[in-house]
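Reader: I keep meeting words such as "accessible" and "buried" in my course. Could you show me how they are applied to a real example?

Author: Gladly; here is one to look at together.

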Amino acid sequence: MREVWNRMSAHAEDRVVRPEEWPDEEIYGNATGGKIGMWVFLLSDALMFAGFLLAYAILRGGQAAYIAAEDVSVVYWRCNEAAIERGIDCVLEPDFGIPFTAALTFLLICSSVTMVFAYYACIEKNHKGMVKYLWLTAFGGFLFLGGQYYEYFGFGIPGHGLYPQGLIFGQSFFATTFYMVTSFHGAHVFSGVTYIVVMAIRAMMGKYDDGNQNHIEILGLFWHFVDLIWIIVFTFIYLIPSPGDHPSFPML
Amino acid sequence: MAHVDRKHSLLVWGYLLLLTLLEVGIVYIPGINPSLMIIGLTAMACVKAGLVCIYFMHLKWETSGLKWTILIPMLTPAVYAVVLVLEAAYRLIT
């Protein structure tokens, strides 16, 4: 208790206390209160994502088709040949465009690296580098959001976008859980970009020029978490095939 | 713990890109066993997530207390997923 009180007092008295100066503690070392707080938030967030993903997996695993054929009045979906071989009626599936989402994954991974470089620049008291890498990270996130908007709505280009193709929220278990997971992640990217922009402006004002990397590190934790979640979402939603995709897949 | 190591960060970046390419490549292998594909994709996703956690989120440089505080809650949904898979497999068999 005394240790916690000492930590809080140290924080209250000096808000620019460096992580290295944070009182060393038996379990968490000199991890700052802000860092531990962000980790606790990220853990609760991860469990929320896990809930969505498990709901997706249960509902997805239990259906042969993404959506019943008679409910779809679109021409862009592909008919799953493997399903036909198994005697199942034409299984309609949206064309996810895996290379496109792989490019979005590449974008987020690159933005994670620029965030790490912003952190390094902060430690080295490199004002220019820190500001540059923070803006680059925000730009990467912004491009990702644009990509996700294109994936959903296709920018009005005929034949593009999942929504115009008939993958409509509420029309099937798949569509609902797909949009829940991906848009919840998108909301995190939007929050992250906003957070980075605010921090980049503060960095431009010289708030982090003293080499105190604590705030940039906490921002980095959030941004890397967004990247980490996308890695999981990309694999489990876009890459892992549906039961109808393979004749040898057991159906529940 | 403050540290600067651009070389390792770029190396991790390279591994992440390589694993992403491998993941996408596996999906396009014709006639691949689906169970093998799922195991491979899941393993690669776990390695990628681990690399991000350990190097980019600096868990490598944290105390074991903080590491366990993060790891144990993170594992609970994974354990639950395994239970669900086993339950589904049981329903298939019976």
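Author: Let us start with a term: accessible areas come from the Shrake-Rupley method with a 1.4 Å probe. This is a predicted model, and the accessible surface of chain A comes to about 11,100 Å². Carbon and sulfur atoms hold 66% of that surface.

Reader: Why is Phe153(A) called partly exposed?

Author: Buried means under 20% relative accessible area and exposed means over 50%, with partly exposed in between. Phe153(A) has 35% relative accessibility, so it counts as partly exposed. You can find Phe153(A) in helix α5 of chain A, which covers residues 127-153.

Reader: What makes Phe153(A) part of a nonpolar patch on the surface?

Author: Patch residues need over 30% relative accessible area and no salt bridge, and nonpolar side chains are joined within 5 Å. At 35%, Phe153(A) passes the area cut-off. Its partners in the patch are Tyr149(A), Phe155(A), Ile157(A), Tyr163(A), Phe169(A) and Met180(A). Together, the patch residues have about 680 Å² of accessible area.

Reader: How much of chain A counts as buried?

Author: Of its 252 residues, 50% do.

Reader: And which helices and strands does chain A have?

Author: Chain A has seven helices and two strands. Along the sequence they follow the pattern α-α-β-α-β-α-α-α-α.

Reader: How do you know that chain B has two domains, domain 1 and domain 2?

Author: That comes from the domain assignment, with domain 1 at 1-61 and domain 2 at 63-94. Their C-alpha centres lie 20 Å apart.

Terms used
Residues numbered from 1 in each chain as written. Chains lettered and ligands numbered in written order. Predicted model: local features only at pLDDT ≥ 70, side-chain atom pairs only at ≥ 80, totals over all residues. Heavy atoms only, no water. Domains from an automatic or database assignment. Patch = residues over 30% accessible without salt bridge, like charges linked within 9 Å, V, L, I, M, F, W, Y side chains within 5 Å. Salt bridge = Lys/Arg side-chain N within 4 Å of Asp/Glu carboxyl O. Helix = DSSP H or I, 4+ residues; strand = E, 2+ residues; numbered from the N terminus. Buried < 20%, exposed > 50% of the residue type's maximum accessible area, 1.4 Å probe, protein only.
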